[in-house]
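Please read the points below with the coordinates open beside them. They take up the sheet, then one helix, then the nonpolar cores.

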Amino acid sequence: MAFTTLSGWRGILLPPRRSVALNSPAFSRPPGSRRIRPPGVTLALILAASAPAVVAQAPEQGLGLVETVQLALEHDPNLSLEAARLRSSRGFLLATRGAFDPIFNTSVAETETDVPLSETTSREQSVLSNSFGVTKRFRSGLSIEPELELLRTEDPAASPANLGTFSFTVRQPLLRGRGRSVVAAPERSAERQVAASELDLRQTTSERVLVVVEQYWVARAALLDLEILRETEDRARELLDTTRRLIEADVIPAADLVQVEANLVSKETARIGGERDLFEARQALGREIGLERGPIASLPYPRDPFPTVPAAAVPSPSEGERFVAAALERRSDLRAAGERQEAAEILRRAGENGLKPQIDLIFIPSYSGLVEGTDAGSFFSPLYRNVPGVNSSVLLSVSWPTLNSQARGELVQLESAREQNALFAELLTRQIGADVPSSLDAVARNAQQLERAVEAVRLFERAVDNEEKKLRAGTSTLLDVITQRDRLTSARQAQVSAHLALAVSLARLRFETGTLLPDGEDAREVSFEQLTTVPLADGRMAP
C-alpha cells in the first residue's frame, strides 16, 4: 500500500513508575471530600485506549489490474459490437471483389416446331441447343467472354445438321471504366475501410481499457477509504468505552460523554457512506468489465497498489510537442480517419471518370463448323471438324448521357464525403494536440500533489502527537484532540484521492499518446507497467 499509515502514532502511556487502575486509590476519595481528576492520568488513559493501530496492508487475495483488463477484453460487449462491424467491413470488401470473379453460364434447350408448308400440310422440326460461356472482368477494365454454342436441327425435309460455334468477345473501355484506378476503386476503397475498421477496433479496445483501469482505481480508492473510516470508527468506539468507564469511576464529568458519543456517530455515518461508495464502485467495475450481475456480486476487491511517479521524473512541458508528434503517429482513431479519407479520395477520383462518355471497343473472333448426323459424336464434332476459317468482328459502342445527372450527383456526394473525412481528421488532430499536453501536465501536477499529501499526513501525525502531549499537560481539551485526529483522517483520505488522481492521469496519458495497449495485435499482452507508467516522448514505455 503506497499511502502513509498511522504507524507513526505512538500510544501515550501512563506516567513512568506509576500504575493506575480504575479501582486504585487514585480514583477514590474520602467520603465528603471533593473529587479531583489527576490532570495527566485521566486523559492519558483515554488517549492510550484510543491510540490507533497500524493500518493493515491490503490482502494479497484479490483482483489484479492486468487480470481485470483481460476480463474486460473477454467479456465487454462493446468490443464484440466493434468486432461485428469489422466483420461487416470485410464482408463488404469480399462483395466488391465479386465484380472480378469469373461467371460461368450454360444453357440447354430443345424446341419442337410445326413448320406450315401450306394451308393443309406442315412438318415437324426439332432444334436442340447447348451453350457454355465464361465472363471475366479484369481490374484494368478489360473483359472477355469466351462462349461455345452447339445447335442440332432435325427436319424431315433435310439431313440432321449439327452446327458448332466458338466465339471470344473482348471488350475494352476507352473512356469511362478504363484503368485500375477507376474499375478497382470500390475494392480499393473497401480495403481502406477494412483497415479503418481494424483501427476502430483497436481504438475502442483502448477506450474500454481506459475506462476499466480508471474504474479499477476508483474501486481501489473506495476500499482504502473504507479501511481508513473503519479504523477511525474503531478508535472512536474505544474512546467512548474508556470515557464511560472513567465517568462510572467518577473521574471525569458526564458532560464529556456527549462530544465523544457525537464523535462516534459521525464516524459511523462516514463508515456507512464509505461502504456504500465501495459497493457502487465495485458494481461499476463489474459493469464496465461486462460481467453479468451474478459474477459482479462475487467480484474480488482490487489488490494492486497505486502507482507512484516522482514529480521530478515527469517530463517537462517543453517536451509536450514530442509527445504530441508521437501521438499523431500512434493514435488509432487518427489513423482510421486517414484511412477513411483515402477511401473517399479513391472513390472521388473514380467518380470524375463517371462524367466521361462510355466508348467501348469490342473485338469478336469466332469460327463455326458443320457436321451431319444424329449420334452424340456428331453433336460435338463441329467444334473441330469442317471449320472453314476464322470470322472476326470489330465494333465501337458509344453511350453518352446528355445531362449525366446521376454521375454528377454521385460526384458531389463523394466530394462531400471526402471533405467531411478531411475535416474530422483535422479536428481530431487539433484535439490530440490539446489533450496530450493537458494529460502530461495532469500527471506532473498530480505527482506533486501526491508528494504534498504524503507530507501533510506526516505533519498531521506530528500535530496529533503534540496535541496529545498538550492534553496530558492540561493545556488542551479532548475536543481539540478529536479535531486533530479528524484532520489526520481527512489528510489520509486526501492522500488516497491524490493517489487515485495520479493513477487515472497516468492511464489517461497512455491513452492520449496511443501507448495504452501493446504494439502487437493481441491486447492481452498488456503489462502492469504499461498501464501505470509515463511513456517516453517517442511513444515507448519508460524503463
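1. Strands β5 (residues 358–372) and β6 run antiparallel and are joined by 10 bridges, where strands are DSSP E runs of at least two residues and helices are H or I runs of at least four, numbered from the N terminus, and where two strands pair if DSSP finds at least two bridges between them. Within this pairing, Phe363 stands opposite Val394 in β6. The model is a predicted one, in which local features need pLDDT of at least 70 and side-chain atom pairs count only at pLDDT 80 or more, whereas totals for chains, interfaces and linings use all residues. Residues are numbered from 1 along each chain as its sequence is written, and side-chain values use heavy atoms, with hydrogens and water left out.

2. On its other side, β5 is joined antiparallel to β4 (residues 158–173) by 11 bridges, and here Gly164 stands opposite Gly369 in β5. These strands belong to an open sheet of six, with antiparallel pairing and the order β1-β2-β3-β4-β5-β6. Because β1 (103–116) and β6 are the edge strands and each has a single partner, one side of each lacks a neighbour in the sheet.

3. How many residues of strand β6 (residues 390–399) are buried? The count is zero among its 10 residues, and the strand is hardly covered; buried means under 20% relative accessible area, exposed over 50%, and partly exposed in between, with a 1.4 Å probe and protein chains only.

4. Helix α3 (residues 77–97) has 21 residues, which at 1.5 Å a residue should span 30 Å, and its end C-alpha atoms are 31 Å apart, in agreement; the expected span is 1.5 Å times one less than the number of residues. Leu79, Glu82, Leu86, Ser89, Leu93 and Thr96 are buried in α3. Seen down the helix axis, the buried residues of α3 fall within an arc of 95 degrees, so they line one face, the arc being that of the directions from the axis to the C-beta atoms. Arg87, Ser88, Leu94 and Ala95, on the other side of α3, are exposed.

5. The largest nonpolar core (buried Ala, Val, Leu, Ile, Met, Phe, Trp, Tyr and Cys residues joined through side-chain atoms within 4.5 Å) has 36 residues, of which Val209, Val213, Leu285 and Leu531 touch the most other members. Helix α5 gives the most to this core, with 13 residues.
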